[in-house]
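Here's a walk through how the helices pack, where the rings meet, and what one loop residue touches. Keep the viewer open as you read.

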Amino acid sequence: MEESFKALEFVDGKLKLIDQRVLPTQLTYVYASTSEEVAFAISDMIVRGAPAIGGAAGYGIYLAAKESDGNWDLFRKKCDIVGFSRPTAVNLMWAVDRMKRIAEDSGLDPDAMLAEADRIVEEDRSMNKLIGKIGSAVIRPGATVLTHCNTGALATCGWGTALGVIKTAYEQGKVRHVYADETRPRFQGARLTAWELVDAGIPSTLIPDSAAATLIRAGKIDCVILGADRITTDGDVANKLGTFPLSVICRTYGVPFYSVAPTTTIDFSMKEGKDIPIEERDRDEVIRPGGVLVAPANIDVFNPSFDVTPHQNITGIITEKGIIYPPFDVNIAKLKDQQKA
């Protein structure tokens with residue numbers, strides 16, 4: 001089961017991106033030919049999902065190197081523009097920092113930097129396949145799975161993280177049905193996950209976010225599997241708004257709750273979820289979804305893009321290095337030590 005699309009691809013000196021703002025009604029592409037255009041694509045959510053943002057950022061820094069023509073001050077300014085295009089997903093700064101190290105090692109050689117950006121993308125695709133195989137072990141045969149937001153090939157450089165686990169388990173004959181939260185206010189579940197599930201031919205049902213609790217209480221959900229945009233060293237997880245209440249419901253009714261992410265999503269410099277910067281987005285996403293006014297135009301709006309799920313509510317964190325179980329602080333520290341070795 002290979003997806004019929006690529007969320008991002010570097011072609012003829014430009015970053016080709018599926019415009020995720022207009023799916024599923026249109027499958028159109030945006031071409032970013034400058035580092036500033038890549039930064040805009042990230043901030044405006046043309047490309048979204050932590051791993052895909054990291055992949056796009058790699059090409060953004062490559063373009064910054066070309067545009068700087070050996071001027072290090074200009075290069076660093078352009079790196080900041082890309083690096084601060086969205087604040088929560090740790091993969092963004094991870095990719096920027098990785099590309100900056102290559103710039104320093106190569107003397108700002110664009111060829112070396114393009115090769116590194118390509119490696120980031122290929123590594124993510126391979127990593128997601130491995131995560132899928134590892135994570136499918138937690139899904140029992142005949143399972144009904146619920147997921148939130150979009151964590152498939154659209155959110156990554158290929159295959160997906162949480163949705164990649166679900167797809168792998170479906171290939172193995174384990175997954176009977178998938179419920180997808182619509183994921184307000186930008187409807188990534190309705191517009192993107194549902195589109196990917198249909199494309200993959202997986203039996204699935206789209207639900208309002210608020211219907212998840214009813215399904216879980218009724219015993220109709222065997223496990224919840226979703227993504228992460230940043231994981232702290234104590235195991236707290238920042239993910240799309242709505243993840244935290246799902247975790248509370250799962251803990252109340254004894255439903256396994258798994259977060260799926262590559263280890264690049266772990267922020268080893270941050271201990272607790274309370275320290276994660278949470279992006280607040282434009283009020284129009286809430287009162288004008290799709291450009292249609294659905295609320296009083298002068299109402300105050302609180303629109304955080306993410307919430308933080310405490311580690312106490314998480315059954316396990318599925319990564320390419322294996323499944324991390326409690327105590328998360330101890331086992332994440334072991335993972336950090338392994339990476340240093």
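One convention before anything else: an angle over 145 degrees between two axes counts as roughly antiparallel, and one under 35 degrees as roughly parallel. Bear in mind, too, that this is a predicted model.

Start with helix H2 (residues 50-68) and helix H3 (residues 72-83), whose axes come within 9 Å and cross at roughly 155°. That angle is over 145 degrees, so H2 and H3 are roughly antiparallel to each other. On the H2 side, the contact is made by Ala 57, Gly 60, Ile 61, Ala 64, Ala 65, Glu 67 and Ser 68, and H3 answers with Leu 74, Phe 75, Lys 78, Cys 79 and Val 82. Sorted by class, that's eight nonpolar, two polar and two charged residues. As for handedness, H2 passes H3 in a right-handed crossing.

Now for the rings. How many aromatic pairs does a search of the whole structure find? The search turns up four. One of them joins Phe 10 and Tyr 62, edge-to-face, at 5.5 Å centre to centre and with 85° between the planes. Phe 10 sits in strand S1 (residues 8-11) and Tyr 62 in helix H2, so this pair ties together parts that are 52 residues apart in sequence. Are these two rings buried or exposed? Phe 10 is buried, with a relative accessible area of 19%, and Tyr 62 is buried as well, at 8%. Given that buried means under 20%, you can see that both values qualify. Add Tyr 59 and you have one aromatic cluster, made up of Phe 10, Tyr 59 and Tyr 62.

Over in helix H3 there's a more local case: Trp 72 and Phe 75 both lie in that helix, three residues apart, which is about one turn. Their ring centres are 5.8 Å apart and their planes stand at 90°, so this pair is edge-to-face too. Trp 72 is partly exposed at 28% relative accessibility, whereas Phe 75 is buried at 2%. You've met Phe 75 already, as one of the H3 residues in the contact with H2.

Moving along the chain, helix H4 (residues 90-106) and helix H5 (residues 110-135) pack at an angle of about 150°, with their axes 9 Å apart. The crossing is right-handed. H4 brings Trp 94, Ala 95, Arg 98, Met 99, Ile 102, Ala 103 and Ser 106 to the contact, while H5 brings Ala 112, Met 113, Glu 116, Ala 117, Arg 119, Ile 120 and Glu 123. The tally here is nine nonpolar, one polar and four charged.

H5 also packs against helix H6 (residues 162-171), at about 60° and with the axes 8 Å apart. H5 and H6 are therefore oblique to each other. The contact involves Ile 131, Gly 132, Lys 133 and Gly 135 of H5 with Gly 164, Val 165 and Thr 168 of H6. By class, that gives two nonpolar, four polar and one charged.

Finally, hop to Arg 184, in the loop between strand S5 (175-181) and helix H7 (188-200). Arg 184 is partly exposed, with a relative accessible area of 48%. Which residues does Arg 184 contact, leaving aside its neighbours within four places in sequence? They are Asp 209 and Lys 240. For a sense of scale, Arg 184 and Leu 108 are 42 Å apart in space, C-alpha to C-alpha, and 76 residues apart in sequence.

Methods. Residues are numbered from 1 along each chain as its sequence is written. This is a predicted model: local features need pLDDT of at least 70, side-chain atom pairs count only at pLDDT 80 or more; totals for chains, interfaces and linings use all residues. Side-chain values use heavy atoms; hydrogens and water are left out. Axes are lines fitted to C-alpha atoms, for helices over the stretch in contact, and angles run from 0 to 180 degrees between N-to-C directions. Helices (H or I, at least four residues) and strands (E, at least two) are DSSP runs, numbered from the N terminus. Angles under 35 degrees count as roughly parallel, over 145 as roughly antiparallel, 65 to 115 as roughly perpendicular and the rest as oblique. A crossing is left-handed if the near helix is turned anticlockwise from the far one by less than a right angle, and right-handed if clockwise. Contact means heavy atoms within 4.5 Å. Ala, Val, Leu, Ile, Met, Phe, Trp, Tyr, Cys and Pro count as nonpolar, Asp, Glu, Lys and Arg as charged, and the others, Gly among them, as polar. Rings of Phe, Tyr and Trp (its six-membered ring) pair if their centres lie within 6.5 Å; planes under 30 degrees apart count as stacked, over 60 as edge-to-face and the rest as tilted. Buried means under 20% relative accessible area, exposed over 50%, partly exposed in between (1.4 Å probe, protein chains only).
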